Amino acid sequence: MTTVLDLAALATTAFGLVAAAVVFAEARRLVPALAVLLDFLTAAGLLRLAGDPSWGTIAAAAAVIAVRKLVTAGLHAPRPG
């Protein structure tokens, strides 16, 4: 089961990279592409947690979620000028 979940997490990461590239190609903006990529990486981290919840996978998933929260907060922050 762990091997299947690891492959699913790897596939989710690959699909996230492709989806982010498509969004960037269509929108010509980095922010929406980054948001899509971070959503896929969050999903991949949660898939890894379902397989073998070691401290390393918990830390990796928490780091991705923290980066996602920081980027999302930065996207919604008002810009000066």
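Start by selecting Arg-28, which sits in the loop between α1 and α2. This is a predicted model, so treat each stop as a look at computed geometry. Check the backbone here: just after α1, Arg-28 takes a positive phi of about 55 degrees, although Arg-28 is not a glycine. Is Arg-28 buried or exposed? With a relative accessible area of 64%, Arg-28 is exposed, since the cut-off for that word is over 50%.

Next, step back along the chain and select α1, residues 2-27. A quick ruler check works nicely on this helix. At 1.5 Å a residue, the 26 residues of α1 should span 38 Å, and the end C-alpha atoms are 37 Å apart, which agrees.

Keep α1 on screen and highlight Leu-5, Ala-9, Thr-12, Gly-16 and Ala-20: these residues of α1 are buried. An α-helix has 3.6 residues a turn, so residues three or four places apart point the same way. What covers the buried residues of α1? The cover includes α2.

Now add α2, residues 30-51, to your selection. Two packed helices are described by the angle between their axes and the distance between the axes. For α1 and α2, the angle is about 175 degrees and the axes lie 8 Å apart. Angles over 145 degrees count as roughly antiparallel, and α1 and α2 are therefore roughly antiparallel to each other.

For the last stop, colour the contact of α1 with α2 by residue type. Its residues divide into 21 nonpolar, five polar and two charged.

Definitions and conventions. Residues are numbered from 1 along each chain as its sequence is written. This is a predicted model: local features need pLDDT of at least 70, side-chain atom pairs count only at pLDDT 80 or more; totals for chains, interfaces and linings use all residues. Side-chain values use heavy atoms; hydrogens and water are left out. Axes are lines fitted to C-alpha atoms, for helices over the stretch in contact, and angles run from 0 to 180 degrees between N-to-C directions. Helices (H or I, at least four residues) and strands (E, at least two) are DSSP runs, numbered from the N terminus. Angles under 35 degrees count as roughly parallel, over 145 as roughly antiparallel, 65 to 115 as roughly perpendicular and the rest as oblique. Ala, Val, Leu, Ile, Met, Phe, Trp, Tyr, Cys and Pro count as nonpolar, Asp, Glu, Lys and Arg as charged, and the others, Gly among them, as polar. Buried means under 20% relative accessible area, exposed over 50%, partly exposed in between (1.4 Å probe, protein chains only). The expected span of a helix is 1.5 Å times one less than its number of residues. Contact means heavy atoms within 4.5 Å.
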